[in-house]
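Subject: Structure handover

Hello,

Here is the structure I said I would pass on. My notes on what was found in it follow below.

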Amino acid sequence: MSDIRFDGRVAIVTGAGAGLGRSYALEFAKRGAKVVVNDLGGSRDGSGASHSAADVVVKEIKDFGGEAVANYDSVATVAGGEGIVKTAVDAFGKVDILINNAGILRDKSFTKMSEDEWDLVTSVHLRGAYCVTKPAFNVMRENQYGRIVCTTSGAGLYGNFGQANYSAAKMGLVGLMNVLNIEGAKYNIKTNTIAPVAASRLTEDVLPPDLFNKLKPDYVMPIVLFLASEANQDSGMIFNCGAGWYSRTAVVCSKGITIGDGKRPIKPEEIMEKWNIIKGLNDAKPLGSVAESFEYMMPLLQ
Ligand code: NAI
């Protein structure tokens with residue numbers, strides 16, 4: 001097994017002052033990357049700001065002889081995103097790797113969720129990924145090399161009570177990845193997405209204490225580092241990861257059924273009659289683009 005190294009590579013990790021991001025940043029630096037440790041340093045719900053979160057991780061990296069620089073911008077603004085990428089380019093000359101990781105929570109059941117709670121959470125997770133990825137993608141495109149890892153959540157992929165804002169934003173990241181996968185292909189920019197489960201301040205009141213102690217961020221770190229490495233040639237995929245379990249998950253499309261001939265009208269009763277086939281996921285598979293879904297319709301469109 002050859003070592004995965006990041007010598008000569010520049011990595012930005014957003015929200016790297018704690019939890020999962022800290023674990024990634026430390027390991028990137030141990031394996032030779034120059035790391036931008038971005039963190040706004042606010043609280044779990046996104047309020048407040050402090051330099052100490054990023055500074056502590058930069059110090060940890062420097063203490064073992066690694067290279068890192070702190071950035072305190074919020075990912076949620078265009079200026080912040082540009083500032084984060086500028087920090088990388090000014091300090092280290094480029095950006096090879098971007099881990100979109102920063103996140104907050106403001107949980108409420110849907111009918112009780114305020115507009116502010118919706119806007120704040122979606123702005124950090126989804127708009128935040130846009131704000132940082134856009135300038136980073138431009139640098140990667142110029143250099144014909146990039147590895148981007150986005151962070152979704154089981155809450156978005158599968159649903160979780162009280163997290164409509166968070167789940168919608170997290171599924172938005174899957175849509176962003178799907179397009180970056182296609183648009184980045186000719187520039188050797190690979191974008192993938194993880195759905196982690198790990199002990200952090202985001203999950204301390206969600207996970208039972210015995211599980212909390214077992215779900216170390218360091219078990220999520222290895223798949224993020226692999227996806228961010230030159231060795232990874234896959235793109236556009238989503239991976240569950242936690243406690244040492246790694247699995248691909250996907251939005252899939254089944255062959256379904258063709259009704260009629262593309263010319264005659266179709267009745268709702270015909271849908272009812274074939275409902276078990278339509279909703280069944282037999283032969284379902286992930287598609288590479290929306291154009292692939294047209295293949296199933298093609299016989300009807302001739
Ligand atoms: P964490 O709270 O320990 O770390 C998140 C970091 O992001 C914090 O240090 C925080 O200061 C920073 N941050 C928040 N808003 C920011 C902003 N606007 N700009 C820059 N930095 C900001 O949480 P954790 O668990 O490490 O979460 C990391 C990512 O993983 C998040 O996107 C989260 O939604 C996601 N995730 C975590 C899961 C888990 O089980 N821990 C489950 C599913 C997803």
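A residue is taken as near the ligand if one of its heavy atoms lies within 4 Å of it. This is a predicted model, and by that rule 30 residues surround the ligand, of which Asp 39, Asn 101, Tyr 166, Ala 198 and Ser 200 come nearest.

The ligand

The shell around the ligand is made up of 12 nonpolar, 14 polar and 4 charged residues. Among the elements that supply at least two residues each to the shell are α1, α4 (115-143) and α6 (164-184).

Three polar side chains can be picked out. Asp 39 has a polar side-chain atom 2.5 Å from an oxygen atom of the ligand. For Tyr 166, the distance from an N or O atom in the side chain to an oxygen atom of the ligand is 2.6 Å. Ser 74 places a polar side-chain atom 3.0 Å from a nitrogen atom of the ligand. Taken alone, the ligand would expose 820 Å², and the protein buries 96% of that.

Asn 101, one of the residues that come nearest to the ligand, sits in the loop between β4 and α4. Its relative accessibility is 13%, so Asn 101 counts as buried, the limit being under 20%. The side chain of Asn 101 reaches the backbone oxygen of Gly 15 at 3.1 Å. Leaving aside neighbours within four places in sequence, the contacts of Asn 101 are Thr 14, Gly 15, Leu 20, Gly 21, Tyr 24 and Thr 151.

The nonpolar cores

In soluble globular proteins, nonpolar side chains tend to be buried together. In this model the largest nonpolar core has 34 residues, and Tyr 24, Phe 28, Val 35, Val 37, Ile 99 and Ile 194 have the most contacts inside it. Two or more residues of this core come from each of β1 (10-13), α1 (19-30), β2 (34-38), α2 (52-63), β3 (67-71), β4 (97-100), α8 (221-227) and β7 (238-242). The element that gives the most is α1, with 6 residues.

A second core, separate from this one, has 29 residues, including Val 75, Phe 92, Ala 102 and Ala 136.

Ile 99 belongs to the larger of these cores. Beyond its neighbours within four places in sequence, Ile 99 is in contact with Ile 12, Val 13, Thr 14, Tyr 24, Phe 28, Val 149, Val 224 and Ala 228.

Two buried loop residues

Ala 16 lies in the loop between β1 and α1. Is Ala 16 buried or exposed? Ala 16 counts as buried because its relative accessibility is 0%. With neighbours within four places in sequence left aside, Ala 16 is in contact with Gly 21, Arg 22, Ala 25, Val 37, Asn 38, Asp 39 and Val 57. Asp 39 also appears above among the residues that come nearest to the ligand.

Asn 232 is in the loop between α8 and β7. With 1% relative accessibility, Asn 232 therefore counts as buried. Where does the side chain of Asn 232 reach? It reaches the backbone oxygen of Leu 227, at 3.1 Å. Not counting residues up to four places away in sequence, Asn 232 touches Arg 147, Lys 190, Asn 192, Phe 226 and Leu 227.

Regards

Definitions and conventions. Residues numbered from 1 in each chain as written. Predicted model: local features only at pLDDT ≥ 70, side-chain atom pairs only at ≥ 80, totals over all residues. Heavy atoms only, no water. Core = buried A, V, L, I, M, F, W, Y, C linked by side-chain atoms within 4.5 Å. Buried < 20%, exposed > 50% of the residue type's maximum accessible area, 1.4 Å probe, protein only. Helix = DSSP H or I, 4+ residues; strand = E, 2+ residues; numbered from the N terminus. Contact = heavy atoms within 4.5 Å. Polar contact = N/O pair within 3.5 Å; in protein donor to acceptor, adjacent residues only side chain to side chain. Areas by Shrake-Rupley, 256 points an atom, 1.4 Å probe, with all protein chains shown as cover. Nonpolar A, V, L, I, M, F, W, Y, C, P; charged D, E, K, R; others polar.
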